[in-house]
Amino acid sequence: MWLWATLGAIFLLVFSTYIDKYLLTRYFKGREPGVLILFSALFGLVMVPLIYFIEPAALSVAPTTAIWLVIGGLLSITGTILYLYAMNTDEVSVVAPLFQLIPLWNYLLGYLFLSEKLS
């Protein structure tokens, strides 16, 4: 089952990469890609009430945890903005493989700072 979930995630990521490139070349040509991330970020505001409706406990976290979640979210948005800038200036076939190095960086940072071992 995990193999199909992994392949499905890869397929959706590839599909979303081409959607990003299509949006950047078709609707945001000549504009900064920050506009696209603004729409993506505002979509999160739509989802929060839905998440609260489905599972209210998902939004009840300790204040320190909330701060770390906000920092993680800001770093994620920054990474996405940089990704969209790269996608705006180069081809998908160049940017996407570099973007796929995220698991390698996650492993290295986890190994260095959290003493995690690959099992």
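Is Phe-11 buried or exposed, and at what relative accessibility? In this predicted model, Phe-11 counts as exposed, since its relative accessibility is 54% and the threshold for that class is over 50%. The setting of this residue is described below, after the overall architecture.

The protein chain contains 5 helices and 0 strands, and its elements, read from the N terminus, follow the order α-α-α-α-α. Its radius of gyration is 17 Å, whereas a value near 14 Å would be expected for a compact globule of 119 residues. Along the principal axes, the C-alpha atoms occupy a box of roughly 45 × 40 × 30 Å. Of the 119 residues, 13% are buried. Among contacts with a sequence separation of 6 or more, 57% involve residues 24 or more positions apart. The exposed surface of the protein chain amounts to about 9600 Å², of which 75% is supplied by carbon and sulfur atoms. With regard to charge, the chain carries 5 positive and 6 negative charges, and the mean positions of the two sets are separated by 9 Å.

A search of the whole structure identified 2 aromatic pairs. Phe-11 and Phe-15 form one of them, in a stacked arrangement with a centre-to-centre distance of 6.2 Å and an angle of 10 degrees between the planes. Both residues belong to helix 1 (residues 2-26), where a spacing of 4 residues places them about one turn of the helix apart. Phe-15 has a relative accessibility of 48% and therefore counts as partly exposed, while Phe-11, at 54%, counts as exposed.

Tyr-107 and Tyr-111 likewise form an aromatic pair, this one tilted, with 6.1 Å between the centres and 35 degrees between the planes. The angle excludes the stacked class because that class requires planes under 30 degrees apart. Tyr-107 and Tyr-111 both lie in helix 5, 4 residues apart, or about one turn of the helix. Tyr-107 is partly exposed, at a relative accessibility of 32%, and Tyr-111 is also partly exposed, at 41%.

A backbone feature was identified beyond this helix. Ser-115 is located in the segment after helix 5 (102-114). Although Ser-115 is not a glycine, its phi is positive, at about 55 degrees. Most residues other than glycine have a negative phi. The side of the classification on which Ser-115 falls is that of exposed residues, because its relative accessible area is 55%.

Methods:
Residues numbered from 1 in each chain as written. Predicted model: local features only at pLDDT ≥ 70, side-chain atom pairs only at ≥ 80, totals over all residues. Heavy atoms only, no water. Helix = DSSP H or I, 4+ residues; strand = E, 2+ residues; numbered from the N terminus. Rg over C-alpha atoms; globule rule 2.2 N^0.38 Å. Buried < 20%, exposed > 50% of the residue type's maximum accessible area, 1.4 Å probe, protein only. Contact = heavy atoms within 4.5 Å. Areas by Shrake-Rupley, 256 points an atom, 1.4 Å probe, with all protein chains shown as cover. Lys, Arg positive; Asp, Glu negative; His and termini not counted. Charge placed at Lys NZ, Arg CZ, Asp CG, Glu CD. Phe/Tyr/Trp six-rings, centres within 6.5 Å; stacked < 30°, edge-to-face > 60°.
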